[in-house]
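Notebook open, coffee poured. I want to see how the pieces of this protein fit together, so here is the model I am looking at.

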Amino acid sequence: MSKLRIENVLRDFDHDWLIVNELMETVIASLDELLPTIVDGKCGHEDRRRGMHSARGVVGSWVASETFETLRELEAEFERDGTERHVAEFRDLIEEIYRDIRAVRGTAGAV
């Protein structure tokens with residue numbers, strides 16, 4: 001089941017698909033930049049945590065509050081414990097959101 005709440009974004013922008021499509025492009029480009037830092041174990045702990053924080057912010061308007069909270073908790077747990085399990089869970093959730101945004105953009109969202 002999709003984590004996206006695209007109807008909220010559409011409502012915020014008066015159902016203007018041109019604007020929403022541009023926003024989706026920005027989200028995709030941002031996640032393309034952030035994900036490598038998040039998953040690269042060679043990057044410093046703080047850089048990875050900042051990447052997680054930024055990615056959460058990028059998708060915040062696109063997902064339900066429960067999903068946003070899950071991302072926040074995973075980020076906080078990684079900050080506290082530094083375990084790769086939290087990174088993997090965070091990555092999986094962000095990648096699911098990323099795929100969903102790309103799918104919406106590739107179908108009804110394409111103008």
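**Entry 1: helix 3.** Which helices do the buried residues of helix 3 pack against? I looked this up in what is a predicted model. The partners turn out to be helix 2 (17-39), helix 4 and helix 5.

Next I listed the residues involved. The buried ones in helix 3 are Arg48, Arg49, Gly51, Met52, Ala55, Arg56 and Val59. I then looked down the axis of helix 3 and found these buried residues within an arc of 155 degrees, so they line one face of the helix.

I also checked the length of helix 3. With 15 residues at 1.5 Å a residue, helix 3 should span 21 Å, and its end C-alpha atoms are 21 Å apart, which agrees.

**Entry 2: helix 4.** What does helix 4 bury, and on which side? I noted Thr67, Leu71, Leu74, Glu75 and Phe78 as the buried residues of helix 4. Down the axis of helix 4 they fall within an arc of 100 degrees, so they too line one face of the helix.

The buried residues of helix 4 pack against helix 3 (45-59) and helix 5 (84-106). I turned to the face of helix 4 that points away from its buried side and found the exposed residues Ser65, Glu66 and Arg80 there.

For the length, I took the 17 residues of helix 4 (residues 65-81) at 1.5 Å a residue: the expected span is 24 Å, and the end C-alpha atoms are 24 Å apart, which agrees. I also looked at what comes after helix 4, and glycine 82 follows with a positive phi, near 65 degrees.

**Entry 3: the whole chain.** How many helices and strands does the protein have? I count 5 helices and 0 strands, and from the N terminus on the elements run α-α-α-α-α. The radius of gyration is 14 Å, close to the 13 Å that the globule rule gives for 111 residues, so the protein is as compact as a globular protein of that length.

I boxed the C-alpha atoms along the principal axes and got roughly 40 × 25 × 20 Å. Then I looked at burial: 35% of the 111 residues are buried.

For contacts, I kept those with a separation of 6 or more; residues 24 or more positions apart account for 66% of them. Last came the surface: the protein exposes about 6,300 Å², and carbon and sulfur atoms supply 49% of that area.

Note on methods:
Residues numbered from 1 in each chain as written. Predicted model: local features only at pLDDT ≥ 70, side-chain atom pairs only at ≥ 80, totals over all residues. Heavy atoms only, no water. Helix = DSSP H or I, 4+ residues; strand = E, 2+ residues; numbered from the N terminus. Expected span 1.5 Å × (residues − 1). Buried < 20%, exposed > 50% of the residue type's maximum accessible area, 1.4 Å probe, protein only. Arc of directions from axis to C-beta. Contact = heavy atoms within 4.5 Å. Rg over C-alpha atoms; globule rule 2.2 N^0.38 Å. Areas by Shrake-Rupley, 256 points an atom, 1.4 Å probe, with all protein chains shown as cover.
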